[in-house]
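Biologist: I'm new to this one, so please start with a close look at the hollow spaces. After that, just follow the chain wherever it leads you.

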Amino acid sequence: MSTKLFTSESVTGGHPDKLADQISDAILDHILAQDPRARVACETLVSTNFALVAGEITTTAGDLDYTQIVRETILAAGYTRDEYGIDGHSCRVESRIDPQSPDIGAAVDDGGAGDQGLMFGYATDETDELMPAPILLAHQLAHRLTFVRTSGLLPWLRPDGKTQVTMEYDGDRPVRVHTVVVSAQHDDDAADEEIRAGITEKVIAPVFSAAGFEWQGCIRHINPSDRFVIGGPYGDVGLTGRKIIVDTYGGAARHGGGAFSGKDSTKVDRSGAYAARWAARNVVAAGIARRCEIQLAYAIGRARPVSVAVETFGTATCGTADEHIAAAVQEVFDFRPAAIIDRLGLRRPVFTPTAVHGHFGRKPECVRWKDGTGVELFRWEKTDQVEELRQALGM
């Protein structure tokens with residue numbers, strides 16, 4: 001088999017684009033907690049000591065203090081000092097909010113899609129999470145960067161950071177880590193050698209040692225620009241929806257172009273992508289194929305997708321044709337937006353945790369709020385339709 005390289009990247013929650021995503025999803029969740037049928041399309045811009053929230057929001061929710069939500073999210077991401085370029089305590093916050101267009105609202109009220117568009121879901125058996133190895137490892141490195149900062153293991157770290165993993169593949173199977181890149185924002189007085197040693201020992205080694213791939217001889221670029229003191233919204237403007245490849249499959253699968261954060265689930269950019277991942281994940285978990293990519297496409301105001309396409313890249317078992325798998329997928333999964341929302345629990349405030357470290361490859365989990373009510377996160381990551389798919393295919 002021939003070898004090849006493939007690379008994916010991730011970013012921490014302190015990256016300016018990810019900070020914007022988190023603000024947009026935090027606003028969405030605050031609204032859904034009071035009004036599950038709200039229509040929300042919220043965009044955020046962050047820059048030096050400034051945040052702007054804009055969008056179309058129609059809701060019955062009251063007591064919405066957008067400024068406070070923005071501040072709390074910025075502080076939670078670690079931006080607590082003026083020297084970081086934005087401080088959640090004191091930054092300037094503005095909002096420009098209008099209601100959703102009544103033309104769109106009427107179509108969605110009848111169960112139709114909130115817009116036209118296409119979206120993809122993907123799964124592969126190359127990791128236990130049924131995710132491509134490069135993006136999964138890049139996410140884990142970014143998550144670990146945040147952990148060592150907030151836990152005090154590497155106290156000189158600042159919130160912004162980027163990770164990148166290049167895997168070597170033998171055919172379509174990942175075999176080893178070829179190159180890793182970690183760019184971590186740091187305090188002005190942190191020494192280069194201290195940074196490299198700390199990130200190698202406290203970030204790279206724990207993640208790769210647990211991953212099960214060969215990595216000891218990999219190429220390592222740690223802060224390759226040598227100095228990364230200025231970062232976050234101070235170093236670059238952040239916008240909602242600019243990390244759509246980080247949010248999905250790291251470039252290993254196609255993308256329809258629609259971003260997720262800040263959108264309620266009548267927007268099929270979000271709900272359709274979640275449903276397509278759910279279906280693709282179940283196809284692979286059922287042993288129907290080792291890799292599966294599912295495309296959905298919608299027309300605004302229409303409930304049923306205009307097309308459902310399945311691609312298994314020649315990995316389908318028992319010679320099952322992709323068109324037969326597509327027919328089984330449509331028999332088992334209801335891709336109407338209202339059905340997706342109901343089945344995946346997408347009227348609940350479940351979105352803020354998705355805004356960092358990817359929307360896919362995460363373990364479904366239940367969380368409890370202070371009032372005792374619970375909510376299930378990442379329900380689209382369940383493999384709960386395996387037997388139904390096998391039966392539909394006569395397996």
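**Pockets, cavities and their surroundings**

Modeller: Let's start with the walls of the largest pocket: 11 of its lining residues are nonpolar, 13 are polar and nine are charged. Keep in mind throughout that this is a predicted model. The space inside that largest pocket comes to about 910 Å³. It has 33 lining residues, and if you want to find the middle, look for Thr352, Pro353, Val356, His357 and Arg362, which are the closest to its centre. Three elements give two or more residues to this lining, namely α1 (16–34), α2 (66–76) and α4. The biggest contributor is α4, with seven residues.

Hang on to α4, because it turns up again in one of the enclosed spaces: α4 (133–150), β6 (157–170) and β7 (173–186) each supply at least two residues to the lining of the second largest cavity. That cavity has a volume of about 40 Å³. Here β6 takes the largest share, with four residues. You can trace the lining by clicking through Thr12, Leu145, Thr146, Arg149, Leu157, Arg158, Pro159, Asp160, Ala184 and Gln185. By class, that set splits into four nonpolar, three polar and three charged residues.

How many cavities of 30 Å³ or more does a search of the whole structure find? There are three. The largest holds about 80 Å³ of space. Thirteen is the number to remember for its lining: of those 13 residues, Met119, Phe120, His255, Gly256 and Ala273 are the closest to the centre. Two elements, β5 (117–124) and α8 (268–285), each put at least two residues into this lining, and β5 has the largest share, with three. As for the mix, six of the lining residues are nonpolar, five are polar and two are charged.

Now follow α8 away from that cavity. This helix has 18 residues and spans 24 Å from its first C-alpha to its last, close to the 26 Å expected at 1.5 Å a residue. Is α8 mostly buried or exposed? Buried: 17 of its 18 residues are, so the helix is largely enclosed by the rest of the structure. Just past the end of α8 sits Gly287, with a positive phi of about 75°.

Carry on along the chain and you meet a pair of strands. Strand β10 (residues 291–298) pairs with β11 in the antiparallel sense, over five bridges. To find your place in the pair, look at Ala297, which stands opposite Ser307 in β11. In a regular strand, side chains alternate between the two faces of the sheet. You can see that pattern along β11 (residues 307–311): Val308 and Val310 point to one face and are buried, while Ser307, Ala309 and Glu311 point to the other and are not.

One last stop, the cysteines. A disulfide is a covalent bond between the sulfur atoms of two cysteines. The count here is zero disulfides. Take Cys91, which is in none; the nearest cysteine sulfur belongs to Cys42 and lies 15 Å away. Cys91 has a relative accessible area of 1%, so it counts as buried. Cys218 is buried too, with a relative accessible area of 8%.

Technical notes: Residues are numbered from 1 along each chain as its sequence is written. This is a predicted model: local features need pLDDT of at least 70, side-chain atom pairs count only at pLDDT 80 or more; totals for chains, interfaces and linings use all residues. Side-chain values use heavy atoms; hydrogens and water are left out. On a 1 Å grid over the protein atoms alone, a cavity is a set of points where a 1.4 Å probe fits but cannot get out, and a pocket is an open set with protein on both sides within 12 Å along at least five of seven lines; lining residues have an atom within 4 Å of a point. Grid points are joined across faces, edges and corners, and a volume is the space filled by probe spheres set on the points. Ala, Val, Leu, Ile, Met, Phe, Trp, Tyr, Cys and Pro count as nonpolar, Asp, Glu, Lys and Arg as charged, and the others, Gly among them, as polar. The expected span of a helix is 1.5 Å times one less than its number of residues. Buried means under 20% relative accessible area, exposed over 50%, partly exposed in between (1.4 Å probe, protein chains only). A disulfide is a pair of cysteine sulfur atoms within 2.5 Å. Two strands pair if DSSP finds at least two bridges between them.
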